[in-house]
Amino acid sequence: MKLEGKTILITGGTSGIGLATAMLFQREGAQVAVTGRDSENLERARRELGSQALVLPSDAGSLADIDALMRQLKDRFGRLDVLFANAAIAKPVPFEAVTEACFDETMDINCKGVFFTIQKALPLFGASASVIVTTSIANRKASAPFAAYGASKAALRSLVQSLSAELIGRGIRINAISPGPIATPMFDRFGLPEEVMQARKRDIAQKSPLKRFGAPEEIAQVALFLASDASSYIVGEEIVVDGAMRFV
């Protein structure tokens, strides 16, 4: 098994990409902790992952919650081998309608939370630790009306590059996964009417060179590679997993 004996934290790990990755990591021998905010998703994750997993309610944008999370991880595992900073939100808001509160929430969860989760995890990292950050093809490819979301993901791309140089001396590798359109519950949280959302999904699928959305499990396989020793010489990279959507 590729992750035998490793302890792993996945933020935003109770649905979509995070949950699929947690399930795969468990099958590969890892001890897994996942976080989320939605009570139904937390309960589902507990059922799917079983009693061996640590499933914790935690707001990825709250420094107090991040501090509490690290204390719980230290008490349960004593160390951390892999951090998958995956928690994020995306809200389709036209630029002129973006409020300060909307902007701050997006940046708090998508950017500030990732920054401080990595920082506060530093004392827990063992030798040869791996940090994986979920970015998005929206950090390079224009996607209306997601200006704040795209900006937050572009900030993460820069953060990965900066930290890769700063942390490698401690034996900590940091890399990113940049997904394209993936079939996750995030699309159903946009608050759009059902017929509008279904039409939007069909339009995205038709634009894709592969004529489909990606599956969370396909992102999980890339995360497994970056979490394992197979990627031991890869540092500061952003692996794009988008079915060639960035070329459209």
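**Packing of α3 against α4 and the largest cavity**

In this predicted model, helix α3, which spans residues 63–76, packs against helix α4, which spans residues 100–121, at an angle of about 30°, and the axes of the two helices lie 10 Å apart. Because angles under 35 degrees count as roughly parallel, α3 is therefore classed as roughly parallel to α4. The crossing in which α3 passes α4 is right-handed. On the side of α3, the contact is formed by L63, I66, D67 and M70, and these residues meet K112, G113, F116, T117, K120 and A121 of α4. By residue class, the contact of α3 with α4 comprises 5 nonpolar, 2 polar and 3 charged residues.

Internal space was examined across the whole structure, and the search returned 3 cavities of 30 Å³ or more. The largest cavity encloses about 70 Å³ of space, and its lining consists of A90, K91, V93, V98, C102, T106, P145, F146, A147, A148 and Y149. Helix α4, which also takes part in the packing with α3, supplies at least two residues of this lining, as does α5, the helix formed by residues 147–167. The largest share of the lining comes from α5, with 3 residues. In terms of residue class, the lining of the largest cavity divides into 9 nonpolar residues, 1 polar residue and 1 charged residue.

Notes: Residues numbered from 1 in each chain as written. Predicted model: local features only at pLDDT ≥ 70, side-chain atom pairs only at ≥ 80, totals over all residues. Heavy atoms only, no water. Axes fitted to C-alpha atoms, helices over the stretch in contact; angles between N-to-C directions. Helix = DSSP H or I, 4+ residues; strand = E, 2+ residues; numbered from the N terminus. Parallel < 35°, antiparallel > 145°, perpendicular 65-115°, else oblique. Left-handed = near helix turned anticlockwise from the far one by under 90°. Contact = heavy atoms within 4.5 Å. Nonpolar A, V, L, I, M, F, W, Y, C, P; charged D, E, K, R; others polar. 1 Å grid on protein atoms, 1.4 Å probe; cavity = no way out; pocket = protein on both sides within 12 Å on 5 of 7 lines; lining within 4 Å. Points joined across faces, edges and corners; volume = space filled by probe spheres on them.
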